[in-house]
Amino acid sequence: MKFFVDTADVPAIAELNDLGMVDGVTTNPSLIKKSGRDILEVTKEICDLVEGPVSAEVTATDADTMIAEGRKLAKIAGNIAVKVPLTWDGLKACKVLTEEGNMVNVTLCFSANQALLAAKAGATFISPFIGRLDDINLDGLDLIADIRTIYDNYGYETEILAASIRTVNHISDCAKIGADVITAPPAVIKSMVSHPLTDKGLDAFLADIKAAKISIL
Ligand code: G3P
């Protein structure tokens, strides 16, 4: 499973990247706003740091302007994935931009039918939002499973990029279902390491190390 980091916080990306945990990065207008940085400048910095796809989202809502914005974003670096919303115009932009050889991430996906349309429009990635479905008492993981079944039934190569990940359980559940990629905030990825029994076991070992004066170096 590929791990993308859902942030425009460059130091946070660098920390995970140094550990080999970063297969790509996703950004969106809200994350760019949170970073307080210029979109083109921060996106370039991320692209220089990370080898894998870096999603950068268009700001327009009509296809022609999305395509123009996508072409400009794609010039930032060879690893840009242009992110477009799952609207009819977004699908038009997806088709044109993929045919021009760009990676395209179709975002704000909340239904299996939307995911089917994105695959037919040639999307490189489809981004179903798990957490936001859970927020309205629907099951985001059911959507991931449905898209997996549909894409496998017909051999669509669009990668399922599970987004709006809020918990570590979302990540392991996506892995069990077979999502190709998860994108999660750095804090969620880092908290995957935590387990109370690990902490408890380590405390016991440290007590015995101290009591027995065990020394290696
Ligand atoms: O990649 C999309 C993601 O950033 C949305 O997450 O937590 O705002 O629903 P969230």
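Residues are termed buried when their relative accessible area is under 20%, exposed when it is over 50%, and partly exposed in between. On this scale K2 is partly exposed, because its relative accessible area is 32%. The legends below describe close-up views of a predicted model.

**Figure 1. Overall view of the predicted protein chain.** The chain contains 11 helices and eight strands. Along the principal axes, its C-alpha atoms fill a box of roughly 70 × 40 × 30 Å. Of the 217 residues in the chain, 46% count as buried.

**Figure 2. The salt bridge between E159 and K2.** The two side chains meet at an N to O distance of 2.8 Å. This pair links distant parts of the chain, with E159 in strand β7 (residues 159-162) and K2 in strand β1 (residues 2-6), 157 residues apart. K2 is the partly exposed residue introduced above, with a relative accessible area of 32%. In total, 12 salt bridges are counted in the model.

**Figure 3. The salt bridge between R166 and D135.** The side chains of R166 and D135 meet with an N to O distance of 3.1 Å. Distant parts of the chain are linked here as well: R166 belongs to the loop between β7 and α9 (168-177), whereas D135 is in helix α7, and the two are 31 residues apart. With 41% relative accessibility, R166 counts as partly exposed.

**Figure 4. The salt bridge between D180 and R148, and a network formed by R37, E41 and E45.** A salt bridge of 3.1 Å, N to O, joins the side chains of D180 and R148. The partners come from distant parts of the chain, 32 residues apart: D180 is in the loop between α9 and β8 (181-184), and R148 is in helix α8 (residues 140-154). D180 is partly exposed at a relative accessible area of 25%, whereas R148 is buried at 13%. Elsewhere in the view set, R37, E41 and E45 are joined into one network by salt bridges that share partners.

**Figure 5. The aromatic pair of F110 and F129.** Four aromatic pairs are found in a search of the whole structure. In one of them, the ring centres of F110 and F129 are 5.5 Å apart and the planes lie at 65°, so the arrangement is edge-to-face. F110 is in the loop between β5 (103-109) and α6 (112-120), and F129 is in the loop between β6 (125-128) and α7 (130-135); the pair therefore ties together parts that are 19 residues apart in sequence. F110 is partly exposed, with a relative accessible area of 31%, whereas F129 counts as buried at 8% relative accessibility.

**Figure 6. The tyrosine cluster of Y151, Y154 and Y156.** The rings of Y154 and Y156 form a tilted pair, at 6.4 Å centre to centre and with 50° between the planes. Y154 is exposed, its relative accessible area being 62%, whereas Y156 counts as partly exposed at 24% relative accessibility. Ring pairs link these two residues with Y151 into a cluster.

**Figure 7. Cysteines C47, C94 and C109.** The search of the whole structure finds zero disulfides. For C47, the closest cysteine sulfur is that of C94, which at 19 Å is too far for a bond. C47 counts as buried at 6% relative accessibility. C109 is likewise in no disulfide, and its nearest cysteine sulfur, that of C94, is 12 Å away. C109 is buried, with a relative accessible area of 0%.

**Figure 8. The annotated residue K83.** An unreviewed UniProt entry carries the annotation "active site" at K83. K83 is found in strand β4 (residues 80-85). With a relative accessibility of 4%, K83 counts as buried.

**Figure 9. V188 and I171.** V188 lies in helix α10 (residues 186-191) and counts as buried at 11% relative accessibility. I171 and V188 are 17 residues apart in sequence, and their C-alpha atoms are 9.1 Å apart in space.

**Figure 10. A nonpolar surface patch containing L206.** L202, F205, L206, I209 and I214 make a nonpolar surface patch of about 500 Å². L206 lies in helix α11 (residues 196-211). L206 is partly exposed, with a relative accessible area of 46%.

Conventions: Residues are numbered from 1 along each chain as its sequence is written. This is a predicted model: local features need pLDDT of at least 70, side-chain atom pairs count only at pLDDT 80 or more; totals for chains, interfaces and linings use all residues. Side-chain values use heavy atoms; hydrogens and water are left out. Patches are made of residues with over 30% relative accessible area and no salt bridge: like charges are joined within 9 Å, nonpolar side chains (Val, Leu, Ile, Met, Phe, Trp, Tyr) within 5 Å. Accessible areas come from the Shrake-Rupley method with a 1.4 Å probe; for residues, only the protein chains shown count as cover. A salt bridge is a side-chain nitrogen of Lys or Arg within 4 Å of a carboxyl oxygen of Asp or Glu. Helices (H or I, at least four residues) and strands (E, at least two) are DSSP runs, numbered from the N terminus. Buried means under 20% relative accessible area, exposed over 50%, partly exposed in between (1.4 Å probe, protein chains only). Rings of Phe, Tyr and Trp (its six-membered ring) pair if their centres lie within 6.5 Å; planes under 30 degrees apart count as stacked, over 60 as edge-to-face and the rest as tilted. A disulfide is a pair of cysteine sulfur atoms within 2.5 Å. UniProt positions are given in the numbering used here, feature names are shortened, and annotations may be inferred rather than shown by experiment.
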